[in-house]
Amino acid sequence: MAGWWSELTEAERRGARWFVLLLLLGTVHDLWRAHHPRLTPEPPEALARAPVTDTVGGPGAAAASASAVPAGIELNTATASELDRLPGIGPVLAARIVEHRRRHGPFRSPDDLLSVPGIGPRLLERLRPGLRTPARAAE
């Protein structure tokens, strides 16, 4: 094993040492970030969209998860930025919903969202409390 190291020139050895040093520094940096996530700055838009949850799951969990869902967004008139505020909806999925509504007409019920690519039954159940359609608005 020691034979290959002696075959390198001094410049190659120096370069290999720097390379190993940089790899070690990167590893230490990644480990530090993994163990100190609160010190990692979050982008402002991620903080605004982050749902409030109770990590213990105690009595406040239901109230915290209910506050994460905006109340009563009208599905047929909402803009992409309004839809983006819903839990589980990002800018791409919000644009798909608006495009689907433009091509196929207004939604008759929240269940019509299942025809939008990227929305399945589980996501629909998370969205349902924060959605309104003309049929649900009359209720």
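The following legends describe an overall view and several close-up views of a predicted model of one protein chain. Residues are numbered from 1 along each chain as its sequence is written, and side-chain values use heavy atoms, with hydrogens and water left out. Because the model is predicted, local features need pLDDT of at least 70 and side-chain atom pairs count only at pLDDT 80 or more, whereas totals for chains, interfaces and linings use all residues.

**View 1. Overall architecture of the protein chain.** The chain comprises eight helices and two strands, where helices (H or I, at least four residues) and strands (E, at least two) are DSSP runs numbered from the N terminus. Along the sequence, the elements follow the order α-α-α-α-β-α-α-α-β-α. Of the 139 residues, 22% count as buried; buried denotes under 20% relative accessible area, exposed over 50%, and partly exposed the range in between (1.4 Å probe, protein chains only). About 10,000 Å² of the chain is exposed, and carbon and sulfur atoms supply 63% of that area. Accessible areas come from the Shrake-Rupley method with a 1.4 Å probe, and for residues only the protein chains shown count as cover. Among contacts with a separation of 6 or more, 43% involve residues 24 or more positions apart, a contact being heavy atoms within 4.5 Å.

**View 2. Helix α6 and its two sides.** The 14 residues of α6 should span 20 Å at 1.5 Å a residue, and the end C-alpha atoms are 20 Å apart, which agrees; the expected span is 1.5 Å times one less than the number of residues. The buried residues of this helix are L93, A94, I97, H100 and R101. They cover an arc of only 125 degrees around the axis and therefore lie on the same side of α6, the arc being that of the directions from the helix axis to the C-beta atoms. Cover for these buried residues includes α5 (80-84) and α7. P91, V92, R102 and R103 are exposed on the other side of α6. After the helix comes G105, which has a positive phi near 90 degrees.

**View 3. Surroundings of H100.** H100 is situated in helix α6. Its relative accessible area is 15%, so H100 is classed as buried. When neighbours within four places in sequence are left aside, H100 is in contact with G105, F107, S115 and V116.

**View 4. Surroundings of I119.** I119 belongs to the loop between α6 and α7. With a relative accessible area of 6%, this isoleucine is buried. Residues up to four places away in sequence not being counted, I119 touches L93, I97, L113, L114 and L124. I89 is 30 residues from I119 along the chain, and the C-alpha atoms of the two are separated by 9.1 Å.

**View 5. Salt bridges of R128.** A salt bridge is a side-chain nitrogen of Lys or Arg within 4 Å of a carboxyl oxygen of Asp or Glu, and the count by this rule is six. R128 pairs with D111 in one such bridge, with 2.7 Å between the closest N and O atoms. This pair links distant parts of the chain, 17 residues apart: R128 lies in the loop between α7 (121-127) and β2 (131-132), and D111 in the loop between α6 (91-104) and α7. R128 also forms a salt bridge with E125, at 3.1 Å from N to O. The relative accessibility of R128 is 23%, so this arginine counts as partly exposed. D111 is partly exposed at 40%, and E125 is likewise partly exposed at 49%.

**View 6. Salt-bridge network in helix α2.** Side chains of opposite charge can pair when their charged atoms come close. E10, R13 and R17 are linked in a network of salt bridges. Within this network, the side chains of E10 and R13 meet at 3.2 Å, N to O. Both of these residues lie in helix α2, three residues apart, about one turn of the helix. E10 has a relative accessible area of 43% and is therefore partly exposed.

**View 7. Nonpolar surface patch.** W18, L21, L22 and L25 make a nonpolar surface patch of about 440 Å². Patches are made of residues with over 30% relative accessible area and no salt bridge, like charges being joined within 9 Å and nonpolar side chains (Val, Leu, Ile, Met, Phe, Trp, Tyr) within 5 Å. W18 is located in helix α2 (residues 10-35). Its relative accessibility is 54%, so W18 counts as exposed.
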